[in-house]
Amino acid sequence: GEALGPLLGHSDERIARGTASAIARLDSNRAVPWLLEALSRPDPELRRLAASGLGRLTGLVLPPDPLVWSKVLSS
C-alpha cells in the first residue's frame, strides 16, 4: 500500500484513477491521507473515486470536497 500512495499524484489520469480504486480496496486507514490529497486534484473522476474510497474506508457518504472530508475527519 505504501508504494501506491504517491501514484495518486501521477500526471497520467488513468494511473491516478486506478490507484485510487486500488487503494480503497486495500481496506487500510493509511490510505486516508492519500485519498484526501487526491480530492484536491483537478480531475473530477479522480475526485469521485477518492471520495468513494474514503467512503468505503470510513463508512461516510460525503461529496468529493477536500474541505468537507477534512473537517469531518478531524472532528
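Reader: pLDDT is the predictor's confidence in each residue, from 0 to 100. Which element of the protein chain has the lowest mean pLDDT, and which the highest?

Author: This is a predicted model, in which local features need pLDDT of at least 70 and side-chain atom pairs count only at pLDDT 80 or more, while totals for chains, interfaces and linings use all residues. Residues are numbered from 1 along each chain as its sequence is written, and side-chain values use heavy atoms, with hydrogens and water left out. Among the elements, α1 has the lowest mean pLDDT, 91, and α4 the highest, 95. Helices (H or I, at least four residues) and strands (E, at least two) are DSSP runs, numbered from the N terminus.

Reader: And what is the mean pLDDT of the chain?

Author: The mean for the protein chain is 92, and 99% of its residues reach 70 or more. Where pLDDT is low, the predicted coordinates should not be read in detail.

Reader: On to the interior. Which residues of the largest nonpolar core touch the most other members?

Author: That core has 17 residues, and L8, L35, L39 and L54 touch the most other members. A nonpolar core is a set of buried Ala, Val, Leu, Ile, Met, Phe, Trp, Tyr and Cys residues joined through side-chain atoms within 4.5 Å. At least two residues of this core come from each of α1 (13–25), α2 (32–38) and α3 (44–58). The most come from α3, which gives six residues.

Reader: Where does L35 lie, and is L35 buried or exposed?

Author: L35 is in helix α2. Its relative accessibility is 0%, so L35 counts as buried. Buried means under 20% relative accessible area, exposed means over 50%, and partly exposed lies in between (1.4 Å probe, protein chains only).

Reader: What does L35 touch?

Author: Leaving aside residues up to four places away in sequence, L35 touches L8, A20, I23, A50, G53, L54 and L57. Contact here means heavy atoms within 4.5 Å. As for S21, 14 residues from L35 in sequence, the C-alpha to C-alpha separation is 9.9 Å. In soluble globular proteins, nonpolar side chains tend to be buried together.

Reader: Changing topic: how many salt bridges are there in the whole structure?

Author: The search finds five. A salt bridge is a side-chain nitrogen of Lys or Arg within 4 Å of a carboxyl oxygen of Asp or Glu.

Reader: Which residue forms a salt bridge with R17?

Author: R17 pairs with E13, and the closest N and O atoms are 3.5 Å apart. Both residues lie in helix α1, four residues apart, which is about one turn of the helix. R17 is partly exposed at a relative accessible area of 26%, and E13 is likewise partly exposed at 40%.

Reader: Which residues are linked in a network of salt bridges?

Author: E13, R17 and D43 are linked in that way. D43 is in the loop between α2 and α3, and D43 counts as buried at 6% relative accessibility. Not counting residues up to four places away in sequence, D43 touches E13 and R17.

Reader: What about E45? Which residue is its partner?

Author: E45 forms a salt bridge with R48, with the closest N and O atoms 2.6 Å apart. The two are three residues apart in helix α3, so about one helical turn separates them. E45 is partly exposed at 30% relative accessibility, and R48 is partly exposed with a relative accessible area of 42%.

Reader: Which parts does the pair of D27 and R56 tie together?

Author: The closest N and O atoms of the D27–R56 salt bridge are 3.4 Å apart. D27 lies in the loop between α1 and α2 and R56 in helix α3, so the pair ties together parts 29 residues apart in sequence. Besides R56, D27 touches L57, again not counting residues up to four places away.

Reader: What is the phi of D27?

Author: D27 has a positive phi of about 55°, although it is not a glycine.

Reader: Finally, which residues form a nonpolar patch on the surface?

Author: L60, V72 and L73 form the patch, with about 180 Å² of accessible area together. Patches are made of residues with over 30% relative accessible area and no salt bridge; like charges are joined within 9 Å, and nonpolar side chains (Val, Leu, Ile, Met, Phe, Trp, Tyr) within 5 Å. Accessible areas come from the Shrake-Rupley method with a 1.4 Å probe, and for residues only the protein chains shown count as cover. L73 is in helix α4 (residues 66–74) and counts as partly exposed at 32% relative accessibility.
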